[in-house]
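Grab a pencil and load the model in your viewer. Here are a few exercises on cysteines and on empty space inside the protein.

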Amino acid sequence: MEFNEQRRDRRRRWRIQGVVKLFLFQFLFLYQVGAQIRYSIPEELKTGSLVGNVAQDLGLDLTRLRSGRARIVTGENIQYTQLKTDKGTLVVNERIDREQLCGEVTPCSFTFEILLEKPMELHPVTIEVLDDQNDNPPQVLYPVQTGGSVVAEMVPRSADVGYLVTKVVAVDVDSGQNAWLSYKLQKATDRALFEVGLQNGEIRTIRQVTDKDAVKQRLTVIVEDNGQPSRSATVIVNVAVADSFPEVLSEFTDFTLDKEYNDNLTFYLVLALAVVSFLFITCLVVIISVKIYRWRQSRILYHSSLPVIPYYPPRYSDTLGTGTLPHVYNYEVCRTTDSRKSDCKFGTVGSQNVLIMDPSSTGTMQRIQSEKNILDEPDSPLEVS
């Protein structure tokens, strides 16, 4: 009712503004009031649709419209029509919704003036909006559809036939027959347990509730209007068949979370599988790469003809004090890649100890020794073969 009163007040203000403008034009600027024209159009005409030929209906030629700078004067915030001065026609400029324009007021119409200059002329125009078009679907008011929580109607197991479970409440902002609504049960967990009133939307039991009936009951109700073509809305009603609230709570905790939980579980399982597969493949590639690298290095060292000369730090001494190395020894060791076939002999203590390669091998170093050859001593304690 408040909405309709606001519509009427706004319409009154528009009309008063139009009348005031008309008198101001007439008395202050000595406008000449011309012929009044009236058009009737259906609701929801497309933008650019023809309303009427103003030039022909007012008896004006196109030159007069252009020279007189013809334009539309209206007291409304929305200009529903537009004047084409090059053709002398009036077309739809904005979507015309009968319910938004007039509400429940009949007949529904709006007025404006066409103003011309040199000389001043004012031509009132009235546009009547005819039959209401079915351009609005029904709106469900109850039960409220919430995205995160579950609203369930409780039915005791002792309920008799015809027990009122709940009532679906819906409205349609269209007028006339287009606003007539009907209710139908589209889907149900147990269609033999519930029914929906065709005209009132009441949900009632059609048989005695038994212990075998499931606690969770899900009903899908469709609401249709009487328009051509008809528009509809769908509402889901959750019903709990139980005698106590704890029983309902235990059954409905996962009612709305099932689908979301399954979707999230599937996503995380796929993500975990992808991560594990990636790590496994990465580790496998790294291991194979290390194996190949080591194998290639060993092959290169085995087949190389260059001498391999390891370095041993000088002045190696016994740090543990066991007495195995009571003196400081200096060693110079030279080996070839095929040194496994060579014999190594070490000299006595001194700074000129040298390594002599076996003559049977491919020795690469000449013997460098002082005047005294320690290898000729038969009882040398440092001879190693």
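What follows is a set of exercises with worked solutions on this predicted model.

**Exercise 1.** Work out which cysteines form a disulfide, and find its handedness.

*Solution.* Start with the sulfur atoms: those of Cys102 and Cys108 sit 1.9 Å apart. The cut-off for a disulfide is 2.5 Å, so this pair qualifies. The total for the model is 1 disulfide. Next, look along the S-S bond: the torsion for Cys102 and Cys108 is about 75°, so the disulfide is right-handed.

**Exercise 2.** Sort Cys102, Cys108 and Cys283 into buried, partly exposed or exposed.

*Solution.* You need two limits here: buried is under 20% relative accessible area, and exposed is over 50%. Cys102 comes out at 3%, so call that one buried. Cys108 has 0% relative accessibility, which makes Cys108 buried too. Then there's Cys283, whose relative accessible area of 46% puts this residue in the partly exposed class.

**Exercise 3.** Find the cavities of 30 Å³ or more, then describe the lining of the largest cavity.

*Solution.* First, the search: going through the whole structure turns up 1 cavity of 30 Å³ or more. Its volume is about 50 Å³. Now list the lining, which includes Ile72, Glu76, Tyr80, Phe110, Thr111 and Phe112. Sorted by character, the lining residues are 5 nonpolar, 4 polar and 1 charged. Finally, ask which element gives the most to this lining: that's strand β7 (residues 108-116), with 3 residues.

Conventions:
Residues numbered from 1 in each chain as written. Predicted model: local features only at pLDDT ≥ 70, side-chain atom pairs only at ≥ 80, totals over all residues. Heavy atoms only, no water. Buried < 20%, exposed > 50% of the residue type's maximum accessible area, 1.4 Å probe, protein only. 1 Å grid on protein atoms, 1.4 Å probe; cavity = no way out; pocket = protein on both sides within 12 Å on 5 of 7 lines; lining within 4 Å. Points joined across faces, edges and corners; volume = space filled by probe spheres on them. Helix = DSSP H or I, 4+ residues; strand = E, 2+ residues; numbered from the N terminus. Nonpolar A, V, L, I, M, F, W, Y, C, P; charged D, E, K, R; others polar.
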